[in-house]
Every structure is written in structure tokens, then in C-alpha cells.
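Welcome to a short set of exercises on reading a protein model. Have the sequence and the 3D view open, try each task, and then follow the solution.

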Protein chains: 4
Amino acid sequence: MRPPVVLKSGRNFYLVNEFEGELHTHKGIVRLDELKEKRYGDSVTSHLGVEFKILPFSAADFFRLFRKKATPVMPKDIGMIIAHTGLQPDSLILDAGTGSGVTAAYFAYFNKYGEVVTVEKRPEFAEVARENFRMAGLKNIHQIVGDAVEVAEGFKREFDLVFLDMKNDVEMVPVAYRILREAGFLAVYNPYIEQTKAVYERMLEVGFRDVESFELIKVNLEFRRVGTRPFTDIFHTGFIVVGRKI
Amino acid sequence: MRPPVVLKSGRNFYLVNEFEGELHTHKGIVRLDELKEKRYGDSVTSHLGVEFKILPFSAADFFRLFRKKATPVMPKDIGMIIAHTGLQPDSLILDAGTGSGVTAAYFAYFNKYGEVVTVEKRPEFAEVARENFRMAGLKNIHQIVGDAVEVAEGFKREFDLVFLDMKNDVEMVPVAYRILREAGFLAVYNPYIEQTKAVYERMLEVGFRDVESFELIKVNLEFRRVGTRPFTDIFHTGFIVVGRKI
Amino acid sequence: MRPPVVLKSGRNFYLVNEFEGELHTHKGIVRLDELKEKRYGDSVTSHLGVEFKILPFSAADFFRLFRKKATPVMPKDIGMIIAHTGLQPDSLILDAGTGSGVTAAYFAYFNKYGEVVTVEKRPEFAEVARENFRMAGLKNIHQIVGDAVEVAEGFKREFDLVFLDMKNDVEMVPVAYRILREAGFLAVYNPYIEQTKAVYERMLEVGFRDVESFELIKVNLEFRRVGTRPFTDIFHTGFIVVGRKI
Amino acid sequence: MRPPVVLKSGRNFYLVNEFEGELHTHKGIVRLDELKEKRYGDSVTSHLGVEFKILPFSAADFFRLFRKKATPVMPKDIGMIIAHTGLQPDSLILDAGTGSGVTAAYFAYFNKYGEVVTVEKRPEFAEVARENFRMAGLKNIHQIVGDAVEVAEGFKREFDLVFLDMKNDVEMVPVAYRILREAGFLAVYNPYIEQTKAVYERMLEVGFRDVESFELIKVNLEFRRVGTRPFTDIFHTGFIVVGRKI
């Protein structure tokens, strides 16, 4: 068993990133070095006698377990952006807006040897995300509270990927173009067709190339005794527009 | 401009991973240090006077530009596996079978600080893949020619991810279970429903948990003067079954 | 306003097919000739003083308003069968099994100048369907309670369309072939892939031609102030296999 | 064997609606009473010695065999309109514009005891449709060449269904409202999202109720020795907006 792991007690969960020191919870203190000899499914006990079950962590836990104030981007969509742009794990990524931090956390997790800058205008969302990042033990996220368009004025032309999931994404498109290094990618996520179109057209105007727009639909196959059939949990989540500064 | 870049001359392309030394092609030798001062869209000239245009590289080039003898797994599907399993860039991955090497190359590219072991039974496919890997300059792929089930007998319980895209995937399922470290993932790709079902059921039998089966459908949005409409290039590619050793 | 119309009082509804005589309900008796001078949205009052609102009827009411004991086939699927087979409104149709009677009612409604024979094994379903047909005022449905395979032994080679939505549909396929007139169609509805495959293969064995298998997915477009997006109420309902006796 | 049947010689086909008299073709004259004793798959011979194979007719032949100058509406979409609106076979239908006549022919075929009025602005399309209708032997289609908005000024409030597949469909919406009888339906077919939205909004403004917008996606199931998989011939055809005058 290697970190990170998930400690679960009732409806509380904790992402643990180191197997030394202590984890302070309202259910008591857990000594983390005890985890070293444990296996998934085993338990540890806090000094108050409360049991915590040890579960493996996966990036999907960001989606499932983060406290959420906004609808997060789903793994299928994040995976597509990573695959489409050929993201390398030592990149500089701008994520605007942060929302609850799911996307930034995913990016930070894959981009383990790089950095993620995430910008959010609404302090109450930033606060939720900050707590999520802390709990997840992600060290390579730089969180900024402010208007992304204004904040980005201070950025240099050095980003490998800019990702937008924000209301005024159209306004952000030329800014993204400026701060992307050559051959960098802009990816924009949006649930609505009109705004997707506006982003698409703005990206072409501003100089992006290889601009594409699409959505991914996840269709599950259900195998039951009575037979096999397709079904969807969610059909449409959002459209992705992606383009390149070349 | 940073490596890797793509050099293109007519219908030939070359992935360049270092900006020093020489690139030997049948259209002449290119001095790679010349690339240092260039920009995307510029050209370099071989000693035979042939021009090569400089294009940015992306992982999607594995899919577009590799010589292919088999139908490769598409970026959407690879991205989903990366996102679903929370792949870290310093993992040990088994990819069976290699085919033309697109999936192994993708994994090696994301998993830059880890290793990919890829196994292929058919020597003629392995040869194509070997040439693709060489051209792509990927150093962290270990290629083995042989039957994956037999080859894996020599492997230890240390893989983070096993990916199968092979005929006898059902037979490989218990082997995958054995060589995965705790909390590791098996992901199986298959175009057909019957075999997807057989894999799904075998995974449950063998002890995998959180087993899910699904496909991803990419629906493009086409913005034209006359109006916007959805379309697909390819509807169905394959089903993915993914499960975890917990 | 022309018959049929729907009379609605609270959660009770009544399909009215004639504008003469009386409608006896547990909320009192309605004199139907009063409907002649009314408009949709107007009300009539029973002899007990209960109001009934007058609504237009559509075939979709079979789906929405019938008492249902089984999951009925949806309008999209029935429409496709009608369009694919080129159903004429003076045909002889066999519907097995009846279920709650939605499909039989739809067929009877379109096939106004023809006849529908519907067979159901389970008396409690047949009873529900009988009441639904009575309420809908459909005169061209012949209801038989019994095993469709056995019942069909008494049928002649004269059916234009046989429709199956029943457990042992595979067993019914050769029977359907025998009782179809030349160039008649068999359409089979089934939610599961394995059984759809078994039906498909049996239809080819038995001599059906132009055999096709498919499903229809209804994707809604939602127009809201905030933007337009696709969504589904239900993704998968069932597969249709259709073939012809030629 | 009953009429109509299809006579096929090489790449020429003829819809035959009566088994008496003669069919004059450029490959000679066929005596139609000869068909009475024939079976599907048999042949008849013209006075010039040319063979014509006898095939069953289906409404799908309108789609497959009509001479086409425009992209016709597909059976799945026509079937959905018939099912959704609960079309009765003795209705009065307006179809604008005619195009190649596939939709009008379908409507005329189902609506065997009613009438279809079809309007087309472009004489060259109307001419193709006229020939298609003649060949199909459909007697209950009234063809008008002219602008649908202007032509409809002469119509009374008596249509059960108005169907639009024309460029200026938005302009036609209030006209459709006026000429529909109470509880009648308007159905509009359009490939593009923007125009679908404009139609949807205009229909609400004009007073239509139960307005819905959707598309139907036909997903085929392919059963082959190697396995079963889904595929599409065509993914998106067009959106349907349907509403009711209540």
C-alpha cells in the first residue's frame, strides 16, 4: 500500500498523502505511520476509538468526494482534453474558473511534475476548492481569487494548456492566446450550444488553428441475468472546444 | 519551440525529440541544432536540398502518423482510461497486445517518468510498432515479442495498470489480476459485445471490484454559415471494461 | 371539435368516442350531446355537479393515460415500425403479447379500416388491456387470452404484420412466418441484446429476408434562456428486429 | 400477391398499382393481368422480350426508389411524426415544401382515406415529384406549385396536420396555425439547430402548445460471426419540432 489512500469513517473521508505524522479529525487523531503495515480494507483507530477504513485513492475521488458548489467537469471530458492535447506531466496549466476544484485537482494529479494555476472570481467557491486541494494534499496548485481576464494580464507567454469553464469564456479567448506558448492548447468546456459556437468563432478570429468542437457521450453496458442493454447515467454534460496556437 | 517537433516533407514525417545531432532520412540529412532558432511553420533543409516543414507534435500524432497494421484505440478511449484510473506519470504499465503501438506510445508519453511494457505475439506487428516507437523517440517502452499470457508468467506483482487489446483477453484476465499491485487497474478494450460480456464476467470471478463497462461516443458539432448540426466521424469504436484489484 | 376527446376530472380521464348517449362515471353521468357545442378547454358537468374539462385526444394518450401493468412500447418505436413496414390502414395485424394494450391500441388507431388481433397469456394483463380498449372506444381489436404460439395454430396465412413483444419471441418466429401473407412483415421488440440476436438469427433461418436490427434514440433539444442543450428522458428502450416474408 | 408491386428490370423500376391494363415502358409493354397468378420473385416479359422481376412494394420504396433532387426526410422521422400526432388515415394534411415528394408520398400512403396537399416553389422539384407520384399511383395527393405562404392564404381552417420542410419555415408558422383545425398538429423538420430554435420560439409565440423539439438517432445492431456491435449509417438527419393548436 502506497500513499495516497482514503480513510473513511461513516460519511467522512480523508485523503492521506503521507504515512507519517498525524491526521487531525473531529473524530480524533489518527497516527499515520500505522498505515504502513496495513492493506486496503483494513482499519485504523483514532485516539477517540473511532475506526477509519482504508481505501485506495483514485483521481475519480476528486469527482466523487470533493465538496462541490458547482457542477464539475466529468472524468470522460477531462480525459479527452488530456488525450487530445497530449498533455505532458511537467506542464504549466491555467484553469479558469476553479469552481469546486475538481478539474484543477485532476490536472494537478496528472501533471505531477508541473504546475497548475487556477483562478476563481467568487470567494466562496475558491474557499471550497482551497479546502478540497488541502485535503487532497496537492502541492502543485496555485490558487488565485480574482477575475481571470484581469489576473491573466500579469501572466507571461508560458502556458502549455489553458482550460476554461467560466461564464465569460468568450472574453477570455484572446487572453488565452496571448499567454499560451507556441503550439499550446486552449480547451473550453460549456454546456450550451450558443456559447460553444461563440467560443468556436472567437477562437478562429483570434488565430487558433485545428479548432474542433465536440461532446463525449458515455454509454454504459449493463450485464444482467435477464440480458445485456445499454443505458446512460447522464447523456449530455458539456461541449468541448479545443484549438492550438500555431 | 521545444522538442518534440514534427518534420514534414511531402508524405514523410519525422518526430524529432532532440535538438542536437543529425536526422538521417532518405531525403538527406538534417542538422537538428538548426531547429533551435526556428518557429513552427518554418523550414529546415537537408544536405540534399530537400525542405522539411516544422510542425508542433502532439500525442494525437501517434494516432494520425504512426504506420498502422491494426485498428488503433482512439484518443477518446485512451483519455478515458487515464482519467478513470487516475494514472500517475510514474507508473508501471503493461500493454498487451502492442498492435501498431499507438496505445503504448500514448501511455509512454503521459507516463513520462514511468515505464510501459508492451507485448505482441505477431512479429510483423511488433516490427511496425518498434519502428514507430523509434521514430517517436520514446525511451520508456519495453517491447516484448511473445504470447502475453506466457510472457506475464515472468512478471512480478508490481503493475499499476494493465491494458488489454488482444484476441484472448478473457484468458489474460486472471494473469492481469496476479501481476497488478494492490489497487491497480485492469482496462480491456474490445469492439464486440459478446467478448466484452465475457471479460466483464471473468473480471468479477477473478476478484476485480468496481467493474464497469461502457463506450464513449464522440459527437462533433459542425458550425457552418447555413447552421449548426451534430455529426459523427465514427460512432462506435469499442467498449471498455475497467476494474480494480481491491 | 370532433370525437374522440378526453374528459378529465382530477386524476380521472375518459376517452369519449361519440357525442351522443351518456358517460357513466363514479363522479356521475355526463350527457355527451352537450359536447357538440363545446371547445377544447371548456367543461361539462355531471348530474352530481362534478366538472370535466374537455381536452383533445391523441394516440399519445394511449401511452400516457392507459392503466399500465407492463412497460409499453414507446411512440418512437411504434412509429418506426409503421414507417418501415409501410403499414396500410386496412391491414390485418397480430400483436403478441398484449401487455397493457398500448401497442394494440396504436395499431388499431392507425389501422382504422383494418383489424388488430392481440394475444396475451396472463389474464390479469389481458383484463387491464380490455378495460383500456373499452375506454378508448376501439372497435377493431380482437382480444384473445392464451399462449400466442398455440393460439396462432388456428390462424390462416393472412396477416400483413405480426408484432411481438413477448418473452418467448424466438419460439414465435416460425409461427409468424407461417401466418404472414406473402411480403408481410414481422417486427419484434426486445430490450436485451442477447434475445435480439437470437430473434435475428431465427428469422434468417426461418426464411425472412431484409432482416434488420436497430434501436431509435430520442434526443430532445432544450431551449432555455441560458442556452440550448441536448438531453434524453430515456436513452435505450428496446431493439427492433424487422424482416419480410419474401 | 396484391397490388402495389414493384417491377424491376436492370436499374429501372416501376410501381404497379393495378393488375389490369398495360404498363408502357421504354423496354416494352407489360400486360398487367399476367401478374395475377404470379408470386414475388417471378418474372413477367414485355412485348419486346425484356424480363421484369416482381418484387413486393413497401412505403420504404418511396425513399429508396424515388428520383430525388433534394435530401428526403427519412422513414424514422416520418414514423415519429405519425406516431406523435396520432395521425388518422382519413386526415387532411398540408406538406410544404414537396421536394422530391417522399414525405407527401408517405403521408398519402398512410392517409389512404384522406388527402394530402403538397406545395413546392421550385418548378423543377415539383416536376420530379409529379413523376414520382404518378409512378407510385397515388391518387390522394394534390400538388400545387407556388410559394407556400401565399398559396395557404386560400386555405380554410381544416387541416389536421401541417408538415414543413422548407427554407422559410419560420414565416410559415403563423399561417400553419391559422389553417389547422382545433387540436391539429404542426410538425417542422430542419437539419440545423439555429433554425430549429427559431421555429420553436415562433410556435410558442403564435399560440401552439405542447411544443417539443427532438431528433431520432437510429443505431443499428450488426450481428456477425466475430461478434455484435452497434453502428450508424447516418447519425444526425434533422430535428423535429412538433406542437398542437389547443
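Helices (H or I, at least four residues) and strands (E, at least two) are DSSP runs, numbered from the N terminus. This is a predicted model, in which local features need pLDDT of at least 70, side-chain atom pairs count only at pLDDT 80 or more, and totals for chains, interfaces and linings use all residues. Residues are numbered from 1 along each chain as its sequence is written, chains are lettered from A and ligands numbered from 1 in the order in which they are written, and side-chain values use heavy atoms, with hydrogens and water left out.

**Exercise 1.** Find the place of Gly97(C) and describe the peptide bond that leads to Gly97(C) from Ala96(C).

Solution. Step one: Gly97(C) sits in the loop between strand E7 (92-96) and helix H3 (102-110) of chain C. Step two: the bond from Ala96(C) to Gly97(C) is cis, with omega near -5°. Step three: look at chain B, where the bond from Ala96(B) to Gly97(B) is cis, with omega near -10°. Most peptide bonds are trans.

**Exercise 2.** Work out how many residues of chain A are in contact with chain B, and which three supply the most buried area.

Solution. Step one: with contact meaning heavy atoms within 4.5 Å, 51 residues of chain A touch 51 residues of chain B. Step two: Glu182(A), Leu221(A) and Phe223(A) supply 14% of the area that chain A buries against chain B, more than any other three residues. Here, buried area is the accessible area (1.4 Å probe) that two parts lose on being put together, summed over both. Step three: the total between the two chains is about 4500 Å², with 60% from carbon and sulfur atoms.

**Exercise 3.** Name the partner of Glu182(A) in a salt bridge (a side-chain nitrogen of Lys or Arg within 4 Å of a carboxyl oxygen of Asp or Glu).

Solution. Step one: the rule finds six salt bridges across the interface of chain A and chain B. Step two: Glu182(A) meets Arg39(B) in a salt bridge, at 3.6 Å from N to O.

**Exercise 4.** Describe how E12(A) pairs with strand E12 of chain B.

Solution. Step one: two strands pair if DSSP finds at least two bridges between them. Step two: E12(A) and E12(B), residues 209-224 of chain B, run in the antiparallel sense over seven bridges. Step three: Glu215(A) has Val219(B) as its bridge partner.
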